[in-house]
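The exercises below are meant to be worked with the sequence and the model side by side. Try each task before reading its solution.

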Amino acid sequence: MTILCVRFQLPPTHEAALPGLLGLLEEFTPVVEALPPDGALADLRGAERYFGRSAVELASVIRVRSLALYGVDCVIGAGPGPMLARIALRAAEPGVTCAVPEDAVEEFLAGKPVAALPGVGVATARTLGEYGLDTLGLVAAAPLSTLQRLVGAKTGRELHEKANGIDRGRVVPNAVSRSLAAERPFDRDELDADRHRRALLSAAEELGARLRALDKVCGTLTLTVRYADRSSTSRTRTLKEPTAHSAALTKAAYGMYEALGLQRARVRSVTLRAEALGPAEQASYQLAFDPVDEKARRIEEVADRARAKFGPRAVMPGTLAA
């Protein structure tokens, strides 16, 4: 077990603490991949040899330091690879690291639902379920050719490998500072899809205003929906062109939300993260000659000047959306 998947239990709107917590992980290994808004993967292969401790033992030290230095508890899953560490995280509890031994991977996965695999969406799980393949054990035992007929050649092969515990993923170090995030927690677990969309609208407008203030544009947008049981779903979309235009960010956010197909989901918070940031002056975009789009951009300019002069509350969220 050399990979840890850590989720810091950050209070709502405290995502700014994540870079410091990532620095804590980097004291043990330079191979740390941020998983905004509140998590990270850490490859401890070198750390196990250097410190003479197992990944599970190092996980306990990480948790103690997180509590002592930041007052933030965390839950940790450990496994031979990133995928298995992510799945183990779902069964972890504060103070108890859920570890998947290399010789017990198939047993660990067998009884879990297909949707437990990272990257398996609602549609794929539904298709497999219609043919009685509703657990990873059944998927692992199914012929590869059957899976490929049901979900496609590439997806079927990847699904077959993952269900059998073959984890080809790796931890890719990244920089959380090259992104901006806007989180919208709800006062209570929210079922109303309209409220979800209003929260996304507000978050997209905030991101757009912050990007324009920094003279930046983003190339990708990530939506994270956190549920009442503390699980979460993330989707990332590459934008047609880099932008800081709030309407474009809102459209992408709505598209990702609709693709999730949530049915009466109890949502605790939604987070939008703008990634692949670059200088606005170096970005190019297609001229639309759309008077509605042009009007929206002019309104944004006025709103940005009002925020700069009177503060962020000068323009209430949601007042600029079409």
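A residue is called buried when its relative accessible area is under 20%, exposed when that area is over 50%, and partly exposed in between, with a 1.4 Å probe and protein chains only. The model is predicted, so to speak of local features a pLDDT of at least 70 is needed and side-chain atom pairs count only at pLDDT 80 or more, while totals for chains, interfaces and linings use all residues. Residues are numbered from 1 along each chain as its sequence is written, and side-chain values use heavy atoms, with hydrogens and water left out.

**Exercise 1. Take stock of the whole protein: how many helices and strands does it have?**

Begin with the elements, which are DSSP runs numbered from the N terminus, helices being H or I runs of at least four residues and strands E runs of at least two. Counted in this way, the protein has 12 helices and nine strands.

Next, turn to burial, where 43% of the 322 residues in the protein are buried.

Finally, consider contacts, meaning heavy atoms within 4.5 Å. Of the contacts with a separation of 6 or more, 67% are between residues 24 or more positions apart.

**Exercise 2. Trace the sheet of four strands: what is its strand order, and which strands stand at its edges?**

Start from the pairing rule, under which two strands pair if DSSP finds at least two bridges between them. The strands of this open sheet come in the order 6-9-7-8, and their pairing is antiparallel. Strand 6 (180–190) and strand 8 (232–243) each have a single partner strand and stand at the edges, so one side of each is left without a neighbour in the sheet. Direction ignored, neighbouring strands are turned by 15 degrees against each other on average.

Then look at one pair in detail: strand 6 is joined to strand 9 (residues 267–279) by seven bridges in the antiparallel sense, and Ala181 has Arg273 in strand 9 as its bridge partner.

Last, add the helix. Helix 10 (residues 193–213) lies across strand 6, strand 7 (216–227), strand 8 and strand 9, and runs at about 160 degrees to strand 6, where axes are lines fitted to C-alpha atoms, for helices over the stretch in contact, and angles run from 0 to 180 degrees between N-to-C directions.

**Exercise 3. Compare two residues of unusual phi: where are Asp215 and Ala276 found?**

Recall the background that most residues other than glycine have a negative phi. Asp215 has a positive phi near 55 degrees, and its place is in the loop between helix 10 and strand 7. With a relative accessible area of 54%, Asp215 is exposed.

Ala276 also has a positive phi, near 55 degrees, but this residue is found in strand 9. Its relative accessible area is 49%, and Ala276 is therefore partly exposed.

**Exercise 4. Describe the surroundings of Ser269: is this residue buried or exposed?**

First, place Ser269 in strand 9. At 3% relative accessibility, Ser269 counts as buried.

Then examine its neighbours: leaving aside those within four places in sequence, the residues in contact with Ser269 include Glu183, Phe186 and Val225. With the side chain of Glu183, the side chain of Ser269 makes a polar contact at 3.5 Å; such a contact is a pair of N or O atoms within 3.5 Å, in which, within protein, one must be able to donate a hydrogen and the other to accept it, and residues adjacent in sequence count only if both atoms are side-chain atoms.

**Exercise 5. Examine helix 4 and Arg90: how many residues of the helix are buried?**

Begin with the helix as a whole. Helix 4 (residues 82–90) is mostly covered, seven of its nine residues being buried, among them Pro82, Leu84 and Leu89. The elements that cover these buried residues include strand 1 (3–8), strand 4 (74–79) and helix 9 (153–163).

Now turn to Arg90, which lies in helix 4 and, at 52% relative accessibility, counts as exposed. Its side chain reaches the backbone oxygen of Ala116 at 3.3 Å, and, with neighbours within four places in sequence left aside, Arg90 is in contact with Ala115 and Ala116.

Finally, follow a long step along the chain: Arg90 and Arg230 are 140 residues apart in sequence, yet from C-alpha to C-alpha they are 8.8 Å apart in space.
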